[in-house]
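Here is a set of questions and answers for working through one structure step by step. Please keep the sequence and the 3D view at hand while reading.

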Amino acid sequence: MRRWLEGLFCLGAVALVALVWWRTAPREAVYAQLTPAQAELQRGIDLLQGDPNAPLDVGGAQQHFKRIEQMPAAGEAERQWAALLAGWAHWAASPPDFAAARRALDKFLRQWPESPLALQAHFLLGLAQRYDERQGNAQEAVRQFEQVVVHESEGALAAYARLQLATLEREKLKRPEVAARWYGEVARHAGGPYQPEERKGFLFLAARMLQQAGRKPDAIATYRELLAWEHDANGVWTERVVSRLDELGVKLDPWSEAQAEIKPPAMTQHRFTPDKPLTLQVSFWIMSKQGMGDAIREICRRYHARNPLVTVQIVDLPYGGYTDWLQSRILGRDLPDVLQMDNQSAVRYGANQHRLLDLTDALAQSNPYTGQTWGESFWPQFIQEARDPVSRRNYDISWASENNAFYYNKDAFRKAGIVRRDAQGQPLLDERGKPVPAEPETWADLLAAYEKLRQAGYYGEVCEFFPDPAPLIWQTPYITKQIYHGLIPRLDVLTPDDFPDPFELAQAILTGRLDLREPKVAELWRLQYAKSEFWVPGCTSMDLHEAFDAFARGKAATFYWVSTEVPDFERMCNFELGVFPFPSLRGTKFYDGEYTESPALTAYEFALPRVNEDKGTAAAALDFVQYFTSPEAQQLLIAKGNILSPLRGMPASPRLEPFLRRMNRRGTHRNVFNPYEINIIKEPYWAESRAKVLDEINSLLGNIPNFEFYHRATGGDQQAYAQWRETRFNTFLDNLQTHFKWACQRLITEYSEDRRHALRRDQRRWLAALRAATPGMATTFAVPDATLQGTTPEQLWRIVLDDWDVITTCENMLPTLERDRRAMPPALSAQRLRMVARSLQVGLALAAAGLLIGLAWSGVARSMLREARLWVWLAPTLLLLGLFSYYPALSAIYHAFFRWNGAEVAEFIGWDNFRALLADGVLWHGFRLALVFMAANVLKFLPTVAIAVVLFHLASKRAQYMFRVAFVLPLLIPWMVVMLMWKYIYRMDGGLLNTLLIDMGWLHLPVNWLGQTHTVVPSLLMIGFPFISTIGVLILLAGLQAIPETVFEAATLDGCGPLRRFWTLEMPLIAGQLKLNLVLITIQTIQEFALPLVLTRGGPNHASMLPGLWMYFNAFSYGKMGYAAAIGVVMFIVILGFTMLHLRLIRVHRD
Amino acid sequence: MHATPTQSTSSPVTTRFMAEGIKYAVLIACCCCIAIPVYLMLVISLKDTQQFVHAPFLPTWPLHWENYRLGWGQVLPFIARTAVVAFTATLLAVIMGSLCAFIFSQYEFAGKRVAYSYIFALMMIPGILNLVPLYVLVTWLDNLLRAWGQQAGVPLRLLNTVWVLILPAAAGGQIFMIYVLRTFFDSQPRALFEAARIDGAGLLAIWRHVALPLSKPIIGTLAVLNIVALWNDYIWPLLVLQQDHYTVSLGLKYLEGQQYVQYGPLMAGYVISAIPLLLLLGCTMRLFIRGLAAGAIKM
């Protein structure tokens, strides 16, 4: 019986090893079913395409392909494939071997010029010439691409080839006329792979090329053709064309080119009928805005009434924390069917991570609720702004917009005497007999008004700064539109489309062509800086609530905010509320011209997650979004939510009159860019540098910007004050320049590296799609790829080309040295990697088997049988711990060596994560910070000891009990309540601490406790003052009470004073417990991160970023799970050290 | 130095009186500091927006009791859900943990050392290391359950249910309990258990009738601590729950994060959310303190 059980264990062990061995072995069984040639081909393809997480094994695959050549029995199809793939593999390898690829492809084309794969071969060959920086031959590349166009003039591949030709002619061969021809062909080729807006861009380039070549009449004709393509004056190209035509001597009013009047389409009787009833979840963060919430609920109700089979369920989430929530949902693939999502996140998760559905094609088709093309019912700028700037695809769609303006306190304006006067100097009166406030029209008016307000005892403006200085950021487009127009031609260098795209901006900053310190560019901040003198002091630390309180309380007279909140503001202010638009910069230094158009804030967007396809709700979700952007729904949003509709021809809400006064959607300078926004959305480096920039803005505009406070704090006079301001401003600009340079560098490095990894996947998908799409070409053994879902090789070509373009653009910007480092092959070759992985897996299996045998041998197996009743009761615990504690821990250690996103991407990268970790300044700062926290927490234990001792020596037992109960109080209040209460105590404006300290005269100025790098850590540490730990007091008290009474009596008789008694008697008796507690505290402190997460999110400028929090952000915000795991492992090692100490102490204590 | 007779009679009394006075002063000052957030919470919970804006710290009249009605409606679902999670998980952990501790303490069998080290080693693994893979594991399990559920026609879920909080908590909560309780059982006279065994009681019966009553105060303390910890848990629920399934910590943060916060009802919500723990500790205070004295977390 016993022997039998042990035998079973051993058998299991052997089976385990065998299973793993077999699972990891090459797929011999599959190959055996094929002919020898097919098997060789499949072996080669498996090495190229098998594991998307491993590098291509080019060498291994080549050997198999060579063997096919020498096989007399090999069929024509296998030979062709082998020859083509031999070329492809060299081209797709990392780094690519272009020369070898060219040789192989040449050979292929010589041998099979008529092969169905010849087209692809020509294209590949063209690319192998074009992207080869060292030996590529542009003429050769042109020849190959021309071959593609000759072979197939209509297909998508031909369109790509034409674009390649145009780019080559423009960039390399410098023949603008030829380039113009190719650009024209792509542009005029409707029905190809390019969207209408993109084709407009190509036509513009064609015209530019003609202009460059000096063919004036042709250029004018082409520009005019493009104008005709623009349906109305709001097309993004109109203004660029008009100003180019102006150069050619053709004067045009852009608005005379526009169509007369646009009316919104009528609603159709469309009904959406799914197969079975379904529920659609739609998440919003906006529901707490009263009017908006009502409108959305009503829209969902009407949608359900129209389409009774679909029930809409609103997931109402708070604004703060929505992004966190979304990030974790996206990682868990457990998402509502429709998400309210800003376009930056949409780009990040859409193009970069393939988590969102691509809406570009749907935009080109009709919206069933109107019968009109969906995309064309929008003002083009809304499609444009919601587009990924790199892949030019739409992953989200705007459903509402808002405008901004200064809300102002009319009563304050009247009190300050800022009123409109008639010719006699008498104030004009409104219908209620009150003077009409004079709303500032120009920047000078605004500053003058602020000065008068100051004399009347009001601060000019209050700005919300946390989490972002949103009002300030929203003002920047208005300023940039008025002063940066003239900068555009200087920076538009990579593609001459009169629009500096993100890469061009990055390049300009990196090469020094754009310096943020030059006066014109710095003017934006100079203007804001001048205005900040009138700000509510310390408003740079306020969040929306505080800022709004300051305005509602009448402290500040203006507040720059969004139009959709008119009703909420009216409800909460008890003075007369007015609104005026952003003033004109006429009369300021670098003013480029008047501008009168909406900033088109794409404030509210929808994105559809890809998981909808699996859930079967994709069609319904799209239908819902289309209804949401139909006139009927928009009408509701306009009426109740006060939005500006992104749809053309929709009227605006009458309440928005002040916001619309300057926004007739006609004007100049629409073609705007902002050098301070580089919109290649790549977390975390952009987020990181953005945080730094915001911190700079904080330090410039925060802390005593006005003279009164400066004088009170330093005693300096006006002159010193002016000097001080100037110095600060220059430092600010220097820092800004440094941060932007750093950001561009990191951005480009990271971005190209990421794209390299994406390219590897995309190329493999291309291969799979090509095999699936080529009839009769050895498809018998093609393994279907589930991720393709009907994607054609042509579609994948576009993705691959985009990847390549981005990589080359980025790398051309990097210094050569950096580029060479990046082109290095991966640390382990594909063969080695496969071997390592297999030995690792088999090794693990062997270890597990060894454990099994060991258990059997040591009698545990027998004990399990004999003592089955014991093991049955132990089993649940052992299994639960194995699943929820051991498995995750081991998985973390394992994945620390991977580039891992928690899902499909898990590429082995050796020690790279740890190397990156060594260079990660934020992390090391975090560890230093953790040390500070540890030391502080140890000190913070002292009050507990003191209180326990004092309590113990209370004469009255009754009082002792009462106090003991009182000290249990902190334990009872939920931790979150304590945190939020302290957040409230630390508020800058009206917080308890500042109010107290100022009232007592200890502070002149309110301090931004949680918002400044040098106060945030002490503030966090002071939370919980006076740091009495309930449990600690109770334990120590119990310990003291266990000391026999006689000991104390003896001590008192010996004449011991209280202090001496403490050191000689009590301390030694409770010392063991103290030590244990302290070690426990240190272990807990290293892991702490909920505290800064809730209160500061690690800010400002990473000043409170504890290592645990950094890990959390890396994992759940930046999607770098592997890196996060590596941080976790380092922390584990540190904690392990402390735990060892802990265990030793326990043993000592026990002894 | 010799004190004069008059002083020698009065001085100790005065010093003692002084000393007592200082002790009371220190204790009362500490109590006040502790009470500040509580005071703020209570005072603001009775204000409307205007009162809050103009006098946030001092009591104002009229008192707005309707805030409590609003706050109650807001936090009740959070409280109910958290209570279910905290009590179920603690119950499971207590049952499984005490049984394991009892077996480890009172029975000798091959593999005991291995199994005990297996559990004890987990004391060294920080929770933070597990966070990321645990999340991935749970989403994987969730997908698996959903797939099974679809086949069987049952809506099986893990994410966004109470179980995703209960199961890991029940597992993790046991480690410390097993350690403490085993130490405790080891320190008890073996005769207690032997007698029951000689009487013919089985494993479960001894556990139920001897071990559990014996360790009642300690288990009580451990359970209360466990419940409090779960009550305050923030990170894990943040990752695995959606808004319609929020627990107290998340719910309060959620209310505070709204674009327009009305502080009165918000603070009323805070006050209400503190009540369950107040009740819990109020009922178990004696047990709790006795357990602490008996060495629940003394080690």
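A residue is called buried when its relative accessible area is under 20%, exposed when it is over 50%, and partly exposed in between. The model discussed here is a predicted one.

Q: Is A:Lys174 buried or exposed?
A: A:Lys174 is placed in the loop between helix H9 (156-171) and helix H10 (176-188) of chain A. Its relative accessible area is 60%, and because values over 50% count as exposed, the word for A:Lys174 is exposed.

Q: What is the phi of A:Lys174?
A: Most residues other than glycine have a negative phi. A:Lys174 is a residue other than glycine, yet its phi is positive, with a value near 55°.

Q: Is A:Asp498 buried or exposed?
A: A:Asp498 is not a glycine, and it has a positive phi of about 60°. Its place is in the loop between helix H22 (488-491) and helix H23 (502-511) of chain A. The relative accessibility of A:Asp498 is 9%, and because this is under 20%, A:Asp498 counts as buried.

Q: What share of the residues of chain A counts as buried?
A: Chain A has 51 helices and 11 strands, and its accessible surface comes to about 46,500 Å², of which 58% belongs to carbon and sulfur atoms. Of the 1151 residues of chain A, the share that counts as buried is 59%.

Q: How many of the residues of helix H25 of chain A are buried?
A: Helix H25 covers residues 544-552 of chain A and is mostly covered. Among its buried residues are A:His545, A:Glu546 and A:Asp549, as well as A:Phe548 and A:Phe551. Just after H25(A), A:Gly554 takes a positive phi of about 85°. For the helix itself, the number of buried residues is 9 of 9.

Q: Which strands are at the edges of the open sheet E6-E7-E5-E8 of chain A?
A: In this sheet of 4 strands the pairing is mixed. An edge strand pairs on one side only, and in chain A this description fits strand E6 (459-462) and strand E8 (577-580).

Q: Which residue in E8(A) stands opposite A:Tyr407?
A: Strand E5 (residues 404-409) of chain A and E8(A) pair in the antiparallel sense over 4 bridges. Opposite A:Tyr407 in E8(A) stands A:Val579.

Q: Which helix lies across E5, E6, E7 and E8 of chain A?
A: The helix in question covers residues 443-455 of chain A and runs at about 120° to E6(A). The helix that lies across these strands is H20.

Q: How far apart are the C-alpha atoms of A:Gly859 and A:Glu6?
A: A:Gly859 is found in the loop between H36 and helix H37 (860-866) of chain A, and it is buried, with a relative accessible area of 12%. Along the chain, A:Gly859 and A:Glu6 are 853 residues apart, but their C-alpha atoms are separated by 8.5 Å.

Q: How many residues apart in sequence are the parts tied together by A:Glu171 and A:Arg130?
A: A:Glu171 forms a salt bridge with A:Arg130, with the closest N and O atoms 4.0 Å apart. A:Glu171 lies in helix H9 and A:Arg130 in helix H7 (residues 118-130) of chain A, so the pair ties together parts whose separation in residues is 41.

Q: Which partner of A:Arg915 in a salt bridge lies in helix H39 of chain A?
A: The salt bridge of A:Arg915 has an N to O distance of 2.9 Å, and its two residues both lie in helix H39 (residues 912-918), 3 residues apart, about one turn of the helix. A:Arg915 is exposed at 52% relative accessible area, and the partner, partly exposed at 37%, is A:Asp912.

Q: What is the accessible area of the nonpolar patch formed by A:Leu840, A:Leu844 and A:Tyr894?
A: A:Leu844 lies in helix H36 (residues 830-857) of chain A, and it is exposed, with a relative accessible area of 58%. Together, the three residues of this surface patch have an accessible area of about 310 Å².

How values were computed:
Residues numbered from 1 in each chain as written. Chains lettered and ligands numbered in written order. Predicted model: local features only at pLDDT ≥ 70, side-chain atom pairs only at ≥ 80, totals over all residues. Heavy atoms only, no water. Patch = residues over 30% accessible without salt bridge, like charges linked within 9 Å, V, L, I, M, F, W, Y side chains within 5 Å. Areas by Shrake-Rupley, 256 points an atom, 1.4 Å probe, with all protein chains shown as cover. Salt bridge = Lys/Arg side-chain N within 4 Å of Asp/Glu carboxyl O. Buried < 20%, exposed > 50% of the residue type's maximum accessible area, 1.4 Å probe, protein only. Pairing = 2+ DSSP bridges. Contact = heavy atoms within 4.5 Å. Axes fitted to C-alpha atoms, helices over the stretch in contact; angles between N-to-C directions.
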